[in-house]
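Reader: I would like to go through the empty spaces and the bound molecule in this model. Could you show me the structure before we begin?

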Amino acid sequence: MTSEQKTALAGFLDTAGDYLGDGYRRPRENYAFTDDTVGTGDTLEEVAAEICACRSCPLGAGRTNAVPGEGVKNPLVLVIGEGPGQDEDQTGRPFVGRAGQLLDKMLSAIGLNRQENCFIANVVKCRPPENRDPAPAEAEACRPFLNRQIACLRPRMILCVGKVASNLLLGNTEWVTIGSLRGRFFEYPAAPAVPLLATYHPSALLRNEDLKRPAWEDLKLLRSKLEELTST
Ligand code: URA
């Protein structure tokens, strides 16, 4: 909704309130509304609808459901994984399988969740066959969707989970390990003011318990940066 539409609605509600209050006309508030549509003029819902209709790369042909992402607008954290797996393809929702359940636990350990203060998305929105890594060309085909989502969402921080998503997002031609990316903040070119932190994918933690400790350090780093950003 635009700020003009919101102002008109607020005026109507004020008038209705006056009417219900025996016709007494109260002083009007000076509401300061902002638009829900920002940047490209998109809304998150419009971007999601386009994702669900998209067939512009081969992944679109093999999917059951596209998975645009879910969570709140203006999130504290936008979590970005690599792409939907089987459970996500079946449900149309991101990170709902075993890895997703662990992701939810990791986020909740630092006061985050997709119902209140996070948005969960993926680099590619359709399941790669046999759960293979998304190809760089597929990630590039999908990137405008992610960039438009970021423009709509305006997250305070980005948490990128896994080597695949992190290297694709950072545009690395030679892929590097999470071990060499973690512990410092990056800038995602489409959102240079939003600090991006890379950590292990929850499915890597399910395979290797030893990664839980460094992942926990990353989460604490994320939390302390968030506290710094939200205290100003
Ligand atoms: N792994 C991902 O990277 N994304 C999902 O949505 C699910 C599993």
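Reader: Let me start with the ligand. Which polar backbone atom is 3.0 Å from an oxygen atom of the ligand?

Author: That backbone atom belongs to Phe95. Please keep in mind that the model is predicted.

Reader: What about side chains: which polar side-chain atom lies 2.8 Å from a nitrogen atom of the ligand?

Author: That side-chain atom is part of Asn122. His201 also contributes a polar side-chain atom, which lies 2.9 Å from an oxygen atom of the ligand.

Reader: And how much of the ligand does the protein bury?

Author: The protein buries 92% of the 240 Å² that the ligand exposes when taken alone.

Reader: Which residues surround the ligand?

Author: Phe95, Asn122 and His201 are joined in that shell by Gly81, Glu82, Gly83, Glu88 and Pro94. By residue class, the shell has 4 polar, 2 nonpolar and 2 charged members.

Reader: Which space does the ligand take?

Author: The ligand occupies the largest pocket. The volume of that pocket is about 640 Å³.

Reader: Which residues lining the largest pocket are closest to its centre?

Author: The closest are Glu82, Ala99, His201, Ser203 and Arg207, out of 28 lining residues. Glu82 and His201 also belong to the set that surrounds the ligand.

Reader: Which helix supplies the largest share of that lining?

Author: Helix H9 does, with 4 residues. H9 spans 202-207, and helices H4 (86-91), H5 (98-108) and H7 (163-169) likewise supply at least two residues each.

Reader: How does the pocket lining divide by residue class?

Author: It divides into 10 nonpolar, 10 polar and 8 charged residues.

Reader: Changing topic to closed spaces: how many cavities of 30 Å³ or more are there?

Author: The count comes to 1 cavity. Its volume is about 100 Å³.

Reader: What lies closest to the centre of that cavity?

Author: Of its 14 lining residues, the closest to the centre are Cys54, Cys57, Cys126, Cys142 and Phe145.

Reader: Which elements give two or more residues to the cavity lining?

Author: Those elements are helix H3 (59-62) and helix H6 (136-153). H6 gives the most, with 4 residues.

Reader: And how do the cavity-lining residues divide into nonpolar, polar and charged?

Author: There are 8 nonpolar residues, 2 polar ones and 4 charged ones in the lining of the largest cavity.

Note on methods:
Residues numbered from 1 in each chain as written. Predicted model: local features only at pLDDT ≥ 70, side-chain atom pairs only at ≥ 80, totals over all residues. Heavy atoms only, no water. 1 Å grid on protein atoms, 1.4 Å probe; cavity = no way out; pocket = protein on both sides within 12 Å on 5 of 7 lines; lining within 4 Å. Points joined across faces, edges and corners; volume = space filled by probe spheres on them. Nonpolar A, V, L, I, M, F, W, Y, C, P; charged D, E, K, R; others polar. Near = heavy atom within 4 Å. Polar contact = N/O pair within 3.5 Å; in protein donor to acceptor, adjacent residues only side chain to side chain. Areas by Shrake-Rupley, 256 points an atom, 1.4 Å probe, with all protein chains shown as cover. Sits in = over half its atoms within 2 Å of the grid points.
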